[in-house]
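The following paragraphs lead the reader through one protein model, from a single residue to the chain as a whole. Please keep the sequence and the structure in view while reading.

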Amino acid sequence: MPSVQVLSSSISAPENAPHALLPFLRSQSQNTLTRLYHRPSSCLSIFRLLGPLERQLITNLLWLESAIPINTMAAWVVPEGRKLYDDALAEMIGLHIIQNSPVKIALNQTFKSSMRQAITGGGTTGSFGVPAERDEKRHFTSIDTLDAYALERWETVLHYMVSSGQGQLPTKPSQGVLYLLQRSGLMKTVHGSTLQITSSGFQFLLHSPHDQLWSLLLQYLHMAEERQMDLVEVLSFLFMLSTMELGREYSTDPLSETQKAMLEDLRDYGLVWQRKASSKRFHPTRLATTLTSLSPPLPTSSTAGGSHVGPSTSVALTTGAGQQGFIVLETNYRIYAYTDNPLEIAVLNLFITMKYRFPNLVVGMLTRESVRKALSNGISAEQIISYLTTHAHPQMRKNNPLLPVTVQDQVRLWELERNRLKSAEGFLYKDFASQADYEYVLSYAKQLGVLLWENAAKRCFFGTLEGHANIRGFIERRTGGG
């Protein structure tokens, strides 16, 4: 039975934000989720994504054969934990993990059965993948090789976003990846053909690799119906990959046609590795096996050993750099970046003017021209400041405030230079017969929420294009009635 101490500790500890996939799952029908819960690997993966209180409640209900009275359940909760408890129940009811009843609480029978099987083992569903038989004629694929492949695929995507396709990399993402970047709003087409990073794309670069990956996979899930793919098959395959063992080879024979079609896409994202496209075997990479865990999805220099991973790809944009920090910003707007990572240098090049480049050091300047260029590409001043703060060198973190205030203010002022005027289409209303008429129509425009500007001294105001028909009709009715 749950203890008061556990509930109390969850109150004092700050709760992590819900996983990005959970709102998507809540939006699905009960039938879709019940089909998904027939797979033990899916139940275990969703269990991992839930918060600590939800996991505790599931664990305590999992082995009960009958439903629990709701009053008995409520007696377990300390008064200050009531809101957390109610939120946890609402979350699980929304996911159809708990049956919605005002009297008793019980787990969804399908979820309970599959979750028990996931914990105790047994069954012949192949939900956790079917390992391929060892072939002595094939060369063993090491974890280092898989890590190098995942890094190369993932950083190819990020490099392309940063360079907007103008970089010097020998390879570029597949058409499927480029389409996904556009659909996600991370890149947009300018001048008919060229893809360019958007403000959302730059914000995407500030996130951890785990969040970046799920951001793209969520868009992939939204596109599943358009591509006539079974959403349950797509979700269950992603969950299956997240429970597989890194370094083990699996067979494609038990996969459905939808899941076999997904292999090509997942190869492009670096989630799976195959010797060739027609191979009936595949390896999940670290990107796939950590989808529902807290382990880092990309190897650092300590986990990706050997000669497969060079120094330029030993750290992702927000793994090592985000924790260690490599940027020093001075009050004279000069930036020193202690890095040799091409991706990090390319990101900096989006908003600074490069001055010097050494083997492990880049020197540049924040200038009006470089910041305005970034602003014209959709990158905001706050995003620039956030990036510099996130990747500040440990020496900078001794400062209070961390970044020079004068530099922060100047970057914001450069942004304000572009935002001094705002244009909007609409209609100017003037020449009112009396002050009473003006105030009467003005009040109506305010009630509709279509007022953009007013000048009481000149008895005129400016309304939106959408509100013109209503305002004109109001004036005609008033003058007609008068």
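Leaving aside its neighbours within four places in sequence, with which residues is S279 in contact? The model on display is a predicted one, and in it S279 touches T252 and Q274 once those sequence neighbours are set aside. The residue is located in the loop that runs between strand 6 (272-273) and strand 7 (281-284). Its relative accessible area is 11%, and because buried means under 20%, S279 is classed as buried.

From this one loop the view may be widened to the whole chain. The protein chain contains 22 helices and 14 strands. It has 482 residues, and 48% of them count as buried. The accessible surface amounts to about 24,300 Å², and carbon and sulfur atoms account for 51% of that surface. Contacts show how the chain is brought together: among those between residues at least 6 apart in sequence, 68% join residues at least 24 apart. A separate example of sequence distance and spatial distance is offered by S215 and L21, which are 194 residues apart in sequence, while their C-alpha atoms are 8.9 Å apart in space. S215 belongs to helix 12 (residues 209-223), and with 30% relative accessibility it is partly exposed.

One helix deserves a closer look. Helix 14 (residues 257-269) consists of 13 residues, and the distance from its first C-alpha to its last is 19 Å, close to the 18 Å expected at 1.5 Å a residue. The helix nevertheless has a kink of about 30°, centred on L263. L263 is also one of the buried residues of helix 14, and others among them are T258, M262, L266 and Y269. The buried residues of this helix also include D265, R267 and D268. Helix 14 is followed by G270, which has a positive phi, near 85°.

The backbone holds further points of interest. Most residues other than glycine have a negative phi, and most peptide bonds are trans. Where does H96 lie, given its positive phi of about 60°? H96, which is not a glycine, is situated in the loop between helix 7 (82-94) and strand 2 (104-105). Its relative accessibility is 23%, so H96 counts as partly exposed. Y333 likewise has a positive phi, near 75°, without being a glycine. This residue sits in the loop between strand 8 (327-329) and strand 9 (334-337), and a relative accessible area of 22% makes Y333 partly exposed. A cis peptide bond, with omega of about 0°, is found between N400 and P401. P401 is part of the loop between helix 19 (381-390) and helix 20 (405-418).

Attention now turns to the side chains. Side chains of opposite charge can pair when their charged atoms come close. How many salt bridges does the structure hold? The count is 18. In one of these pairs, R286 and D147, the closest N and O atoms are 2.7 Å apart. R286 is in helix 15 (residues 286-289) and D147 is in helix 9 (residues 143-163), so this salt bridge ties together parts of the chain that are 139 residues apart in sequence. Both partners are buried: R286 has a relative accessible area of 17%, and D147 has a relative accessibility of 0%.

A further salt bridge joins E152 and R153, with 3.0 Å from N to O. Here E152 is partly exposed at 32% relative accessibility, whereas R153 is buried at 14%. The side chains of E417 and R368 also form a salt bridge, again with 3.0 Å from N to O. This pair links distant parts of the chain, for E417 is in helix 20 and R368 is in helix 18 (residues 368-376), 49 residues apart. E417 is partly exposed at 27% relative accessibility, and R368 is partly exposed at 37%. Together with R372, these two residues are linked in a network of salt bridges.

Finally, the cysteines may be considered. A disulfide is a covalent bond between the sulfur atoms of two cysteines. In this model the number of disulfides is zero, the criterion being a pair of cysteine sulfur atoms within 2.5 Å. C43 is buried at 0% relative accessibility, and C460 is buried at 8%.

Note on methods. Residues numbered from 1 in each chain as written. Predicted model: local features only at pLDDT ≥ 70, side-chain atom pairs only at ≥ 80, totals over all residues. Heavy atoms only, no water. Helix = DSSP H or I, 4+ residues; strand = E, 2+ residues; numbered from the N terminus. Expected span 1.5 Å × (residues − 1). Bend = angle between axes of the 7 residues up to and from the residue. Buried < 20%, exposed > 50% of the residue type's maximum accessible area, 1.4 Å probe, protein only. Contact = heavy atoms within 4.5 Å. Areas by Shrake-Rupley, 256 points an atom, 1.4 Å probe, with all protein chains shown as cover. Salt bridge = Lys/Arg side-chain N within 4 Å of Asp/Glu carboxyl O.
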